[in-house]
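Grab a viewer and a pencil: here is a small set of exercises to work through with the coordinates open. Try each task before you read its solution.

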Amino acid sequence: MRTHSSSRRRRTAVAAALVAAVAVTATGCGSGTSGGNAKNGDKPFIALSNGFIGNGWRQTMIAKFEAAATKAQNDGLIGKFKVVNAPGENSATEQVAQIKSLLLQKPDALLIDPASPTALKPVIQQACDAGIKVVVFDSAIDAPCAHVLLNSFKDWATAAAEPLVQGIGGKGTVIVSRGVVGSQPEEEMYQTTQEILAKNPEVKVAATVNGMCDGAKAQQAVLGVLSSVPKVDGVIGCGDGYGVAQAFTTAGKPIPAVTFETNGRALKYWQDSKLDNGSVAVMSDPGQSVAALWEAIDLLDGKDIPKELTFPIVLVEQKDVAAWAGVLKPDEYAAWPWTQELFRQQVEAVKSGGAPVQPPIPTAAG
């Protein structure tokens with residue numbers, strides 16, 4: 001294993017310079033306890049900065065990371081960890097301040113789910129200059145020194161829109177429910193959706209709303225436009241179909257094809273309602289945070305990992321609804337169970353250009 005003494009000296013110097021400029025207290029903190037455990041004394045400190053905590057996917061992402069990091073700590077792979085969640089609605093300014101505060105604590109590796117693909121570039125470079133390994137996940141980033149781990153948002157948007165368009169026979173009226181507008185993933189997904197709709201000119205967009213990839217927000221947003229849209233054949237979303245379905249029920253209208261979220265509540269509803277109209281459940285994988293943890297550990301160990309890794313999305317088709325619904329808590333989102341071994345297999349698949357690893361559907365919740 002690579003030692004961290006030289007990088008720690010560089011981080012100490014940078015941290016001293018930051019003290020005068022930064023007086024930010026990070027909010028929403030959670031941490032693994034180092035507890036004076038001697039075996040972990042020389043093990044790395046992993047920090048995670050999350051730019052937005054306001055939906056169930058992000059909350060699952062953090063929970064999965066904390067569970068995996070706690071196990072990694074107990075196994076002696078890391079010394080301690082810390083999670084900080086920026087307040088507000090995906091504010092890059094708040095996340096920059098949060099990261100600067102984290103840098104003062106001299107982590108060995110910094111994982112980032114970013115609020116912006118561009119605004120974090122200076123502070124990420126600052127972290128890299130301090131010898132910190134930076135792994136950005138869930139988004140592309142304009143920061144050449146960082147490693148990037150993400151899902152294919154084009155695949156996500158394609159899996160959300162194409163089955164729905166086919167399910168309504170390639171014609172009709174749809175509503176488009178957008179995600180976290182301003183984020184790189186959402187921009188790529190919306191562009192993909194527009195391209196698919198352009199190939200299907202008989203599908204007309206009656207309204208575009210901002211559902212934030214969150215069922216409750218999408219329910220409110222869709223309900224707000226239903227009175228002005230006499231007939232809707234489908235709602236193309238990014239994993240907010242349960243809330244969308246409730247909006248139609250509240251308005252006394254039949255439930256059209258929707259893009260369900262991949263949480264237990266939505267999948268159980270889909271299973272029980274027996275909808276078979278082109279609906280699908282698809283989202284990015286909240287287990288990316290766990291894969292990013294394994295990447296950080298391997299980078300600190302000096303392993304050769306490509307600067308960009310693409311991991312598979314979570315797609316739940318009708319045939320898999322019962323299996324996923326049986327293992328998820330109502331507010332828990334489907335996440336691939338990335339072990340260190342599976343992570344390394346996916347790294348090799350990326351390197352070789354081979355087929356991506358397909359992790360198993362978990363057999364127990366949690």
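The exercises below start with the whole chain and then go to single elements and residues.

**Exercise 1. Getting an overview**

Task: Find out how confident the model is and how many helices and strands it has.

Solution.
- Start with confidence. This is a predicted model, and its pLDDT averages 88, with 88% of the residues scoring at least 70.
- Now look for the weak part. Over residues 1-40 the pLDDT is below 50, although this stretch has 76 contacts in the model beyond near neighbours in sequence. Where pLDDT is low, predicted coordinates shouldn't be read in detail.
- Next, the secondary structure: the protein comes to 12 helices and 13 strands.
- Finally, burial and contacts. Of the 366 residues, 55% are buried. Take the contacts with a separation of 6 or more: 71% of them link residues 24 or more positions apart.

**Exercise 2. A sheet and the helix across it**

Task: Work out the strand order of the open six-stranded sheet and say which strands form its edges.

Solution.
- Walk across the sheet and you get S8-S7-S9-S10-S11-S13, with mixed pairing.
- The edges are S8 and S13 (314-316), each of which pairs on one side only.
- Ignoring direction, neighbouring strands here are turned by 25 degrees against each other on average.
- Zoom in on one pair. S9 (residues 234-236) and S10 (residues 257-260) run parallel, joined over two bridges, and Gly-234 stands opposite Ala-257 in S10.
- Now add helix H5 (residues 153-167). H5 lies across S7 (172-178), S8, S9, S10, S11 (280-283) and S13, and it runs at about 165 degrees to S11.

**Exercise 3. A covered strand**

Task: Decide whether the two faces of strand S2 are covered or open.

Solution.
- Count first: six of the six residues in S2 (residues 45-50) are buried.
- Then split them by face. In a regular strand, side chains alternate between the two faces of the sheet. On one side sit Phe-45, Ala-47 and Ser-49, on the other Ile-46, Leu-48 and Asn-50, and all of them are buried. Both faces are covered, then.
- Check the neighbour too. S2 pairs with S3 (residues 80-85) in the parallel sense over six bridges, and Ala-47 has Lys-82 as its bridge partner in S3.

**Exercise 4. Two helices meeting**

Task: Classify the packing of H8 and H9 by angle and by the residues that meet.

Solution.
- Get the geometry. The axes of H8 (residues 241-250) and H9 (residues 264-273) come within 9 Å and cross at roughly 55 degrees.
- Classify the angle: the two helices are therefore oblique to each other.
- List who meets whom. H8 brings Tyr-242, Ala-245, Gln-246 and Thr-249, while H9 brings Arg-265, Ala-266 and Tyr-269.
- Sort them by class: this contact has four nonpolar, two polar and one charged residues.

**Exercise 5. Positive phi without glycine**

Task: Check where Asp-138 and Met-212 lie and whether each is buried or exposed.

Solution.
- Asp-138 has a positive phi of about 75 degrees although it isn't a glycine. Its place is the loop between S5 (133-137) and S6 (147-151). Its relative accessibility is 7%, so Asp-138 counts as buried.
- Met-212 isn't a glycine either, and its phi is positive at about 60 degrees. You'll find Met-212 in the loop between S8 (203-210) and H7 (215-226). With a relative accessible area of 11%, Met-212 is buried.

**Exercise 6. Two residues with distant partners**

Task: Find which residues Cys-213 and Gln-340 touch beyond four places away in sequence.

Solution.
- Cys-213 is in the loop between S8 and H7, and its 11% relative accessibility makes it buried.
- Its contacts include Asn-55, Trp-156, Arg-178 and Cys-238, with Gly-179, Gly-239, Asp-240 and Met-283 also on the list.
- Measure one long link: Cys-213 and Gly-56 are 157 residues apart in sequence and 9.0 Å apart in space, C-alpha to C-alpha.
- Move to Gln-340 in helix H12 (residues 340-352). At 19% relative accessible area Gln-340 is buried, since the cut-off is under 20%.
- Gln-340 touches Leu-77, Trp-294, Ile-297 and Asp-298. The C-alpha atoms of Gln-340 and Trp-294 are separated by 5.9 Å, with their positions 46 residues apart along the chain.

Terms used: Residues are numbered from 1 along each chain as its sequence is written. This is a predicted model: local features need pLDDT of at least 70, side-chain atom pairs count only at pLDDT 80 or more; totals for chains, interfaces and linings use all residues. Side-chain values use heavy atoms; hydrogens and water are left out. Axes are lines fitted to C-alpha atoms, for helices over the stretch in contact, and angles run from 0 to 180 degrees between N-to-C directions. Helices (H or I, at least four residues) and strands (E, at least two) are DSSP runs, numbered from the N terminus. Angles under 35 degrees count as roughly parallel, over 145 as roughly antiparallel, 65 to 115 as roughly perpendicular and the rest as oblique. Contact means heavy atoms within 4.5 Å. Ala, Val, Leu, Ile, Met, Phe, Trp, Tyr, Cys and Pro count as nonpolar, Asp, Glu, Lys and Arg as charged, and the others, Gly among them, as polar. pLDDT is the predictor's confidence in each residue, from 0 to 100. Buried means under 20% relative accessible area, exposed over 50%, partly exposed in between (1.4 Å probe, protein chains only). Two strands pair if DSSP finds at least two bridges between them.
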